[in-house]
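Hi,

Here is the structure I said I would pass on. Have a look at it first, and my notes on what turned up follow below.

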Amino acid sequence: MIIDFFKAVGTTLVLTANIWGALLVLFWNNKISMPNRYNLYYHVVKYEKFTNIHGFLLFSLILLLVFQLIYVLTHLRESVVNTLTTFVGLFILLISSYLMPWAKIQAVFPKLTSSLQFPYRLTVGA
């Protein structure tokens with residue numbers, strides 16, 4: 001099974017080499033249109049009562065997520081897919097919020113300010 005996994009990963013890398021290879025060349029040699037740099041700490045998910053635009057989450061959505069977490073914790077063994085999806089979504093949501101030390105991360109990895117730019121984009125995965 002592990003050999004099949006590595007075969008699938010290798011096949012995927014070979015078949016998508018034209019995409020990631022071009023992106024690597026573009027990011028290393030791009031002198032014409034470099035992406036803007038943004039402070040990661042100021043572009044995290046914010047929580048508001050009545051605002052629902054990108055970068056903001058409604059309080060009611062947070063309440064629904066808390067109820068979903070309570071449901072998953074009380075019915076842990078019933079649905080593995082529901083449990084996994086809930087935990088992955090909450091983890092991604094926590095990463096894109098103020099709870100992640102984005103100021104320290106961008107100090108260690110300054111390239112993220114131009115490649116990731118806005119941590120609230122991670123909420124799409126959540």
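I2 is a good place to start: with a relative accessibility of 60%, I2 is exposed, because the cut-off for that class is over 50%. The residue sits in helix α1. Before I go further, please keep in mind that this is a predicted model.

I2 also belongs to something bigger than itself, a nonpolar patch on the surface that I2 forms together with F5, F6, V9, L13, W20, L24 and W28. Taken together, these residues have about 900 Å² of accessible area. Two helices, α1 (2-15) and α2 (17-29), each put at least two residues into the patch. The top contributor is α1, which supplies five.

Two members of that patch, F5 and F6, are worth a click for another reason. Which residues make up the one aromatic pair in the structure? They are F5 and F6, and their arrangement is edge-to-face. A pair of aromatic rings is described by how far apart the centres are and by the angle of the planes. For F5 and F6 the values are 5.3 Å centre to centre and 65° between the planes. The angle counts as edge-to-face because it is over 60 degrees. Both phenylalanines are exposed.

Now the overall picture. The protein has six helices and two strands, and along the sequence they come in the order α-α-β-β-α-α-α-α. Of the 126 residues, 21% are buried. The accessible surface adds up to about 9800 Å², and carbon and sulfur atoms account for 73% of that. If you look at contacts between residues at least 6 apart in sequence, 58% of them link residues at least 24 apart.

One example of a link across the sequence involves L90, in helix α4. Is L90 buried or exposed? L90 is buried: its relative accessible area is 18%, and the cut-off is under 20%. Leaving out residues up to four places away in sequence, L90 touches L65 and L69. L65 is 25 residues away from L90 along the chain, yet their C-alpha atoms are separated by 7.9 Å.

Further on, the loop between α4 and α5 (102-108) holds two serines you may want to zoom in on, S97 and S96. S96 has a relative accessible area of 0% and is therefore buried. Its side chain reaches the backbone oxygen of L93 at 3.1 Å. S97 is buried too, at 1% relative accessible area. A polar atom of the S97 side chain lies 2.9 Å from the backbone oxygen of L94.

Last stop: L76, in the loop between α3 (59-74) and α4 (80-95). L76 is partly exposed, because its relative accessible area of 39% falls between the 20% and 50% cut-offs. Apart from neighbours within four places in sequence, L76 is in contact with T83 and F87.

If you only have time for a few views, I would pull up the patch with I2 in it, then the F5 and F6 rings, then L90 with L65 and L69, and finally the two serines, S96 and S97.

Cheers

Notes:
Residues are numbered from 1 along each chain as its sequence is written. This is a predicted model: local features need pLDDT of at least 70, side-chain atom pairs count only at pLDDT 80 or more; totals for chains, interfaces and linings use all residues. Side-chain values use heavy atoms; hydrogens and water are left out. Rings of Phe, Tyr and Trp (its six-membered ring) pair if their centres lie within 6.5 Å; planes under 30 degrees apart count as stacked, over 60 as edge-to-face and the rest as tilted. Buried means under 20% relative accessible area, exposed over 50%, partly exposed in between (1.4 Å probe, protein chains only). Helices (H or I, at least four residues) and strands (E, at least two) are DSSP runs, numbered from the N terminus. Contact means heavy atoms within 4.5 Å. Patches are made of residues with over 30% relative accessible area and no salt bridge: like charges are joined within 9 Å, nonpolar side chains (Val, Leu, Ile, Met, Phe, Trp, Tyr) within 5 Å. Accessible areas come from the Shrake-Rupley method with a 1.4 Å probe; for residues, only the protein chains shown count as cover. A salt bridge is a side-chain nitrogen of Lys or Arg within 4 Å of a carboxyl oxygen of Asp or Glu. A polar contact is a pair of N or O atoms within 3.5 Å; within protein, one must be able to donate a hydrogen and the other to accept it, and residues adjacent in sequence count only if both atoms are side-chain atoms.
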